[in-house]
Structure formats: structure tokens, C-alpha cells
Amino acid sequence: LNRPIRKVKRIMFNIQDLILRVPNMMSAKDCKLLINYHKKYEKKPELEHCPDANTGIDTYSSFKCITLPGHSNVHTIVHKKTKVMIEKWLDHLKKFKAFHLPLLSKKLNCSHKYRLLKYEPGAKIHPHTDFADYVYASCTFNLNDKYTGGVFKFWNGQHKVTLKKGEGMIWPADCFWVHEVSPIKTGVRYSTNCFIMSLDNDLSDQVKNQIHSEAAIR
């Protein structure tokens with residue numbers, strides 16, 4: 001029997017379209033202030049480690065990290081910009097007409113660990129994810145542009161992003177979003193980032209007490 005072919009309307013988009021980049025989120029003044037803060041306190045950097053997404057081996061990153069203290073001027077700057085990025089991201093996701101945005105909006109209510117990162121020549125971060133309990137998104141801001149290398153890579157280099165000075169980027173955080181930063185070749189790269197999470201009522205007090213430098217988004 002010759003039956004007519006029914007055309008099915010499908011929602012099609014590339015997963016990389018869920019990444020939102022916003023230029024000029026940080027002013028030149030804010031970038032300078034944050035970089036100078038790192039220079040002032042970089043003698044006591046934190047070393048971070050997490051499993052390599054390809055091998056599963058716990059691996060240390062080679063950038064120098066400083067956590068911004070709550071209620072400080074630098075903390076306030078990053079917090080305000082992060083809040084704007086979340087609002088822009090939710091608005092960006094509306095166009096797909098595919099997601100439970102009212103629920104997601106409620107979940108993105110706390111930003112965890114505002115950090116300043118310094119990547120010197122050779123410094124990088126290995127392929128990893130920011131997947132963790134109660135974490136729904138990651139947000140970063142690039143603070144300078146006088147360097148080479150330092151390219152953001154998603155899915156083992158299948159999608160590459162070179163951020164400009166002051167540009168912000170936000171994306172989902174789960175086990176599918178493998179990303180890394182390629183080694184710095186020349187110069188020094190500065191950035192700041194945080195993890196966007198939910199502080200639901202069912203989150204235990206013990207877990208809440210383990211969260212440092214958190215700030216309510218809403």
C-alpha cells in the first residue's frame with residue numbers, strides 16, 4: 001500500500017547551543033581590580049584536583065586558585081555579574097521551547113565558590129566535568145587577553161571557545177559536559193568562575209556547612 005508520508009516536526013539543536021557567551025560582562029575596571037586582587041594574595045594559592053574525564057584518575061590542575069572571601073568587594077562584583085549571567089541564560093534557553101525553565105529557575109539559587117584563577121605558561125586544566133550533587137551550571141568570566149593558548153575545549157576538543165577580555169560564559173553542569181582549558185603558551189591568563197547550585201530545603205545542614213563562599217542568587 002502506498003501510504004502518504006507524514007512529516008513530523010522535530011526540535012533540532014546542537015548541544016553546544018546551550019552554552020551562552022556574553023561579551024563585555026566585566027568592565028576593564030572590574031577586570032583590573034580582580035587581577036590585582038589575585039596578584040596581592042597569590043602567594044597562598046589553592047591546588048585543586050578532580051577526576052580526569054577520560055581516565056577517571058584523580059588529577060591536580062596546574063592553575064593557581066584563590067577563593068574570594070564573602071562580603072568582600074571582589075566577591076560582590078563577581079556575584080552581581082553571575083546573577084546577570086543566570087538571568088540571561090534562562091532567557092536564552094526560552095527560545096528552544098524544550099526545557100522546564102520554571103523549575104530550573106528555582107534551582108539556580110546559590111553560587112558556590114567564587115574563585116580567581118591564574119594560568120601561567122604551561123598551566124591548564126584536564127578534561128573534567130563540574131558534575132556534583134545540587135550543581136546545575138557553571139559560569140566563568142575571562143579577565144584579560146594578553147596570552148596565547150588557554151582555549152576552552154568541550155567534549156575533548158570537539159567544540160572550542162576562545163573567550164575575550166570581559167566575556168562571560170555559562171553552561172550546564174553534569175556528566176555530559178566534559179571541558180578543559182588548553183595549556184597557556186605565552187603570557188598569563190586570568191579568569192574567575194563559580195558553580196551554580198540549589199540550596200533546597202532537603203539539603204542537609206551538614207552539606208550546607210561544607211559550602212564555602214556561597215551567596216544567594218535570588
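Reader: Which residues of α1 are buried?
Author: This is a predicted model, in which local features need pLDDT of at least 70, side-chain atom pairs count only at pLDDT 80 or more, and totals for chains, interfaces and linings use all residues. Residues are numbered from 1 along each chain as its sequence is written, while side-chain values use heavy atoms and leave out hydrogens and water. Buried means under 20% relative accessible area, exposed over 50%, and partly exposed in between (1.4 Å probe, protein chains only). By that rule the buried residues of α1 are Asp30, Cys31, Leu34, Ile35, Tyr37 and His38.

Reader: What arc around the axis of α1 do these buried residues cover?
Author: An α-helix has 3.6 residues a turn, so residues three or four places apart point the same way. The arc is taken from the directions from the helix axis to the C-beta atoms. The buried residues lie on the same side of α1 because their arc is only 155 degrees.

Reader: Which residues are exposed on the other side of α1?
Author: The helix runs over residues 28-41. Opposite its buried side, the exposed residues are Ala28, Lys29, Lys32 and Lys40.

Reader: Which elements do the buried residues of α1 pack against?
Author: Elements are DSSP runs numbered from the N terminus, with helices as H or I of at least four residues and strands as E of at least two. A contact means heavy atoms within 4.5 Å. The partners of the buried residues of α1 are β4, α2, β5 (110-119), β7 (135-142) and β14 (189-197).

Reader: What length does α1 reach from its first C-alpha to its last?
Author: The expected span of a helix is 1.5 Å times one less than its number of residues. With 14 residues, α1 is expected to span 20 Å, and the model comes close to that, at 20 Å.

Reader: Which residues does Leu33 touch, not counting those up to four places away in sequence?
Author: Leu33 lies in helix α1 and is partly exposed, with a relative accessible area of 35%. Its C-alpha is 9.5 Å from that of Asn73, 40 residues apart along the chain. Leu33 touches Asn73, Val74 and Ile77.

Reader: What is the angle between the planes of Tyr37 and Tyr41?
Author: Tyr37 and Tyr41 are four residues apart in α1, so about one helical turn separates them. Tyr37 is buried at 17% relative accessible area, whereas Tyr41 is partly exposed at 38%. Rings of Phe, Tyr and Trp (its six-membered ring) pair if their centres lie within 6.5 Å, with planes under 30 degrees apart counted as stacked, over 60 as edge-to-face and the rest as tilted. This pair is tilted, with centres 4.6 Å apart and planes at 45 degrees.

Reader: How many aromatic pairs does a search of the whole structure find, and how many residues apart are Phe13 and Phe99?
Author: The whole structure holds eleven aromatic pairs. One of them is Phe13 with Phe99, edge-to-face at 5.9 Å centre to centre and 75 degrees between the planes. Phe13 is in the segment before β1 (20-22) and Phe99 in the loop between α2 (73-94) and α3 (101-107), a separation of 86 residues.

Reader: Which residues are linked with Trp155 into a cluster by ring pairs?
Author: Trp155 is found in the loop between β9 (152-154) and β10 (159-161), and counts as buried at 15% relative accessibility. Trp155 has a positive phi of about 55 degrees, although it is not a glycine. Ring pairs link Trp155 with Phe152, Phe154, Trp171 and Trp177.

Reader: Is His71 buried or exposed?
Author: His71 sits in the loop between β4 (64-67) and α2. Its phi is positive, about 70 degrees, although the residue is not a glycine. At a relative accessible area of 81%, His71 is exposed.

Reader: Which residues is Ser61 in contact with, leaving aside neighbours within four places in sequence?
Author: Ser61 is in the loop between β3 (58-60) and β4, and counts as buried at 8% relative accessibility. The C-alpha atoms of Ser61 and His49 are 5.8 Å apart, with these positions twelve residues apart in sequence numbering. The contacts of Ser61 are Glu48, Lys124, Ile125 and His126.

Reader: What percentage of the residues in the protein chain is buried?
Author: The protein chain has four helices and 15 strands. Of its contacts with a separation of 6 or more, 82% join residues 24 or more positions apart. Among the 218 residues, the buried share is 48%.
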